[in-house]
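Let's take a walk through a structure and see how some of its helices pack. Have the viewer ready to follow along.

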Amino acid sequence: MGAVKTKRMPRAVREQQMLDAAVRTFGQRGYMAASMDEIAELAGVSKPLVYLYLNSKEDLFTACIRREAKALTEAVRAGVRRDLPADRQLWDGLRAFFTHTAQNPDGWSVLHLQARTHGERFAAEAAAMREELVAFVTQLIAVAAREAHRDPDLPEHEVAGLAEALVGAAESLAAWANATPGVTARQAAATLMNFAWAGLSNLMTGHPWSPPPTPEP
């Protein structure tokens, strides 16, 4: 009888295994402390194979950032139904965001902590993901505000600052929730919803808060 041939694993599958191992290592140990030897061992491959597929530690880390950013933005977009009321869309988007970051803490660490602190190349990749999320939230709020005000020409810059603040708060809250035992994704989403929606709902009804007048000298 001839020897049984083992089926070669497709390159795409092997590469995802390497990225899985790299995200776990970078997320838990940090970019500087992570070694290619450790990543290769965790992935069950040789270090030369990691270099063959992903060129360098820098390229491997960039690939991790891009994969995790794509997964997060897709999860948020998939969580929102555009035929629902504005508050429900925001709630569903926040819940999708916090669910994904809770289920993928190493990926969130790569995006929120590691990518932003180890060079402009990596920070730019994380910034691109953030800009996409801000643009998505801006559009959600702008569409709802236009409908509420019956003003189809309400410019997006009127709500862009709110979207920027909301995404920033979500990022900080996700980091806190992942580091705080017992805080669920639903609880984190509800906390931010309670914090943000009071102001947003006033915007929708045409009653935004205004600062007091500056006293005359």
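What follows looks at two helix pairs, one after the other.

Keep in mind that this is a predicted model. Start with helix α1, which covers residues 11-29, and helix α6, which covers residues 105-114. Their axes come within 8 Å and cross at roughly 55°. An angle of 65 to 115 degrees would count as roughly perpendicular, and α1 and α6 are therefore oblique to each other. The crossing of α1 and α6 is left-handed.

Now zoom in on who touches whom. On the α1 side you'll find V23, R24, F26, G27 and Q28, and these meet D106, G107, S109, V110 and Q114 in α6. Sort the residues of this contact by class and you get 3 nonpolar, 5 polar and 2 charged.

Next, swing over to helix α3 (residues 47-54) and helix α4 (residues 57-79). Here the axes come within 9 Å, and the crossing angle is roughly 65°. Since angles of 65 to 115 degrees count as roughly perpendicular, α3 and α4 are therefore described as roughly perpendicular to each other. As for handedness, α3 and α4 make a left-handed crossing.

Which residues do the touching here? From α3 come V50, Y51 and L54, while α4 brings K57, D59, L60 and A63. By class, that contact holds 5 nonpolar residues and 2 charged ones, with no polar residues.

So, with both pairs on screen, you can set the oblique α1 and α6 beside the roughly perpendicular α3 and α4.

Key: Residues numbered from 1 in each chain as written. Predicted model: local features only at pLDDT ≥ 70, side-chain atom pairs only at ≥ 80, totals over all residues. Heavy atoms only, no water. Axes fitted to C-alpha atoms, helices over the stretch in contact; angles between N-to-C directions. Helix = DSSP H or I, 4+ residues; strand = E, 2+ residues; numbered from the N terminus. Parallel < 35°, antiparallel > 145°, perpendicular 65-115°, else oblique. Left-handed = near helix turned anticlockwise from the far one by under 90°. Contact = heavy atoms within 4.5 Å. Nonpolar A, V, L, I, M, F, W, Y, C, P; charged D, E, K, R; others polar.
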